[in-house]
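Here's a quick walk through one sheet and the salt bridges of a model. Have a look at the structure first, then read on.

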Amino acid sequence: TIINEITQQVYLTIRAPSSFHTQLENDINLIDVVLDLSGLESGVHILTPQVNLALSPAEITRVMPSNVTVKLDAIVTESFPINLKVVGNPTIGFETQTPVLSDQNVFISGPRSLIETIDHIDAEINISDATEDVQRMIELTPLDAEDNPVTGISLNPASIQVTVPVTCLLYTSDAADDQICVDLGGRRIIKKKINLSHNLHY
C-alpha cells in the first residue's frame, strides 16, 4: 500500500487539432493517467506517469510532474493484548473485583512500519463513586512507547465490553446493644452486643 502523500493531479501539454480540444472538454475520460505499481516491493520507488490518450492524431508533449515518488509498505495483521486501566475508586464501603473483558486481545492491521511502532493497547474505564457493577463499551487506543496514539491502522474489535464488579464491604461495630444489620449510605454495618462483667470491691 502507498503510505506517503502523492500528487493527485497531472498537467499535460497536448498537440492536436482544435476539434480534439473540444472533445476533451466534453469528455475528460478520453485521457487516462496511471502509476503502475505491478510487481513492486516495499520501499521507495520513482515512477513515471503513464498517459493514455483515446484520440488520434494527437501528441503529448509535456507531463508535469514527470516523475512521482511512491513509498510502499506491506500490510500486516498482528495480535496485541489489551491493557485495562481502571480509573477512580468506588464509594467508601465498596470494593472492586477482577474486571471482565469481552476480549483479551485485539487484531491490528496496517502498514508494517506503523504496526512496529505500537507498544501497547489501552482501554480505560472510570469507576469513581460506583456503588454497583460498572459495565461499559470501551474504545481501544493503540499507543507507542511514549504513549502517543498510533493512527492509520484498523482494529478488530475497535471497542470491547468491560465489566467491573463492585461489592459491598462488611463492617462491624461493638457500640450497639443489639446484633442487627443496618444500611448507612450503601454500607452494611453489623452491630454486635457485648456483655461486660465488672467486679466491684468495697
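## Ground rules

Buried means under 20% relative accessible area, exposed means over 50%, and partly exposed is in between (1.4 Å probe, protein chains only). This is a predicted model, so local features need pLDDT of at least 70 and side-chain atom pairs count only at pLDDT 80 or more, while totals for chains, interfaces and linings use all residues. Residues are numbered from 1 along each chain as its sequence is written, and side-chain values use heavy atoms, with hydrogens and water left out.

## The sheet

Five strands (DSSP runs of E, at least two residues, numbered from the N terminus) make an open sheet: 5 strands in the order S13-S11-S7-S10-S14, with mixed pairing. Strands pair if DSSP finds at least two bridges between them. S13 (141-143) and S14 (154-156) sit at the edges with a single partner strand each, so one side of each has no neighbour in the sheet.

Inside the sheet, S7 (residues 75-87) runs parallel to S11 (residues 120-126), joined by 6 bridges. One bridge partner pair is isoleucine 82 with isoleucine 121 in S11.

## The salt bridges

The structure has 2 salt bridges, meaning a side-chain nitrogen of Lys or Arg within 4 Å of a carboxyl oxygen of Asp or Glu. Lysine 85 meets aspartate 122 at 3.3 Å, N to O. That pair ties strand S7 to strand S11, 37 residues apart in the chain. Lysine 85 is partly exposed at 37%, whereas aspartate 122 is buried at 9%.

Glutamate 59 pairs with arginine 15, with the closest N and O atoms 3.2 Å apart. Here strand S5 (residues 59-64) is linked to strand S1 (residues 11-15), the two residues being 44 apart. Glutamate 59 is partly exposed at 41%, and arginine 15 is exposed at 54%.

Definitions and conventions
Helices (H or I, at least four residues) and strands (E, at least two) are DSSP runs, numbered from the N terminus.
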